[in-house]
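Let's take a walk through this structure together, one residue at a time. Keep the viewer open and rotate along as we go.

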Amino acid sequence: MPDVVADGLHVLFCGINPGLLSAATGHHFARPGNRFWPVLHLSGFTERLLKPSEQDELPSYGLGITNVVARASARADELGAEEYREGGRLLVAKVARLRPRWLAVVGVTAYRTAFDERKARVGPQERTFGGTRVWVLPNPSGLNAHWTAQTMAAEFARLRVAAREPSQT
């Protein structure tokens, strides 16, 4: 699954791992019930609703996408803790190379497991990777019923505002 990245992004979004449809199409968050693309638009990150097939437009907005774990699966609960930890190590190296202003991990459980932060909650984190700040966002999967598209968009919008503030580094 190819990353959609560039140097110096405002926000590098990090999904858990590719679903089977994403792996088959090469498009992140490709499953029709996934709310990533609608929430990205509702939160003001993009001026229009992008389709997964338009993911290559993200760098023009200062945005990118990668995953914690590269292996595709039908469900994230098929992944093991060691896969998350190894993915976290690789992600740290990727962030060091790309130097985005913010790393936004979509999925609090994935973040907790990958970085051994058992008490992490949605929102900005104390942890940084070099000059990159970290924000944990709710998982946009349609299976995450705890968050509506509107409440997710509000959290994404908080990140959008923070990402536009002058860098603290």
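In which helix does Tyr111 lie? It lies in helix H4, and keep in mind as you look that this is a predicted model. Tyr111 is a good place to begin a tour. Its relative accessible area is 0%, so the residue is buried. What covers it comes from several stretches of the chain: leaving aside neighbours within four places in sequence, Tyr111 is in contact with Val105, Asp116, Glu117, Ala120, Gln125, Arg127, Val134 and Val136. For a sense of distance, find Leu137 as well: Tyr111 and Leu137 sit 26 residues apart in sequence, with 9.5 Å between their C-alpha atoms.

One of those contacts, Asp116, deserves a stop of its own. You'll find Asp116 in the loop that links helix H4 (108-115) to strand S4 (123-129). Its phi is positive, about 50°, although the residue is not a glycine. Is Asp116 buried or exposed? It counts as exposed, because its relative accessibility is 51% and the cut-off for exposed is over 50%.

Phe29 makes a nice companion here. This residue, not a glycine either, has a positive phi of about 50°. Phe29 lies in the loop between helix H1 (20-25) and H2. At 13% relative accessibility, though, Phe29 counts as buried, because the limit for that label is under 20%.

Time to zoom out. The protein chain holds five helices and five strands, and reading from the N terminus the order is β-α-α-β-α-β-α-β-β-α. How does the overall size look? A compact globule of 169 residues would have a radius of gyration near 15 Å, and the protein chain comes in at 14 Å, so the two agree. The C-alpha trace spans about 40 × 35 × 30 Å along its principal axes. Of the 169 residues, 47% count as buried. Take the contacts with a separation of 6 or more, and 68% of them come from residues 24 or more positions apart.

As for the outside, the accessible surface of the protein chain is about 8600 Å², with 52% of that belonging to carbon and sulfur atoms. The chain carries 21 positive and 16 negative charges, and the mean positions of the two sets are 4 Å apart.

Now back to single residues, starting ahead of the opening strand. Asp3 is found in the segment before S1. At 31% relative accessibility, this residue counts as partly exposed. Its side chain has two polar partners to look at: the side chain of Thr66 at 2.8 Å, and the side chain of Lys94 at 2.6 Å. Not counting residues up to four places away in sequence, Asp3 touches His28, Ile65, Thr66, Asn67 and Lys94. Glu155 makes a useful far reference point, 152 residues from Asp3 in sequence and 23 Å from it in space, C-alpha to C-alpha.

Leu9 belongs to the segment before strand S1 (11-15). With 5% relative accessibility, Leu9 counts as buried. Which residues does Leu9 touch, not counting those up to four places away in sequence? They are Pro59, Gly62, Leu63, Gly64, Arg99, Pro100 and Arg101. Sequence separation can mislead you here: Leu9 and Leu20 are eleven residues apart along the chain, yet 27 Å apart in space, C-alpha to C-alpha.

Following the contact list of Leu9 brings us to Arg99. That residue is found in the loop between helix H3 (81-98) and strand S3 (102-106). At 64% relative accessibility, Arg99 counts as exposed. Beyond residues up to four places away in sequence, Arg99 touches Gly8, Leu9 and Thr132. Arg158 is 59 residues along the chain from Arg99, and their C-alpha atoms are separated by 20 Å.

Our last stop is Ser43, in the loop between helix H2 (36-42) and strand S2 (63-67). At 3% relative accessibility, Ser43 counts as buried. What does its side chain reach? The side chain of Ser43 reaches the backbone oxygen of Leu40, at 2.9 Å. Leaving aside neighbours within four places in sequence, Ser43 is also in contact with Ala153, Phe156, Ala157 and Arg160.

Definitions and conventions. Residues numbered from 1 in each chain as written. Predicted model: local features only at pLDDT ≥ 70, side-chain atom pairs only at ≥ 80, totals over all residues. Heavy atoms only, no water. Helix = DSSP H or I, 4+ residues; strand = E, 2+ residues; numbered from the N terminus. Rg over C-alpha atoms; globule rule 2.2 N^0.38 Å. Buried < 20%, exposed > 50% of the residue type's maximum accessible area, 1.4 Å probe, protein only. Contact = heavy atoms within 4.5 Å. Areas by Shrake-Rupley, 256 points an atom, 1.4 Å probe, with all protein chains shown as cover. Lys, Arg positive; Asp, Glu negative; His and termini not counted. Charge placed at Lys NZ, Arg CZ, Asp CG, Glu CD. Polar contact = N/O pair within 3.5 Å; in protein donor to acceptor, adjacent residues only side chain to side chain.
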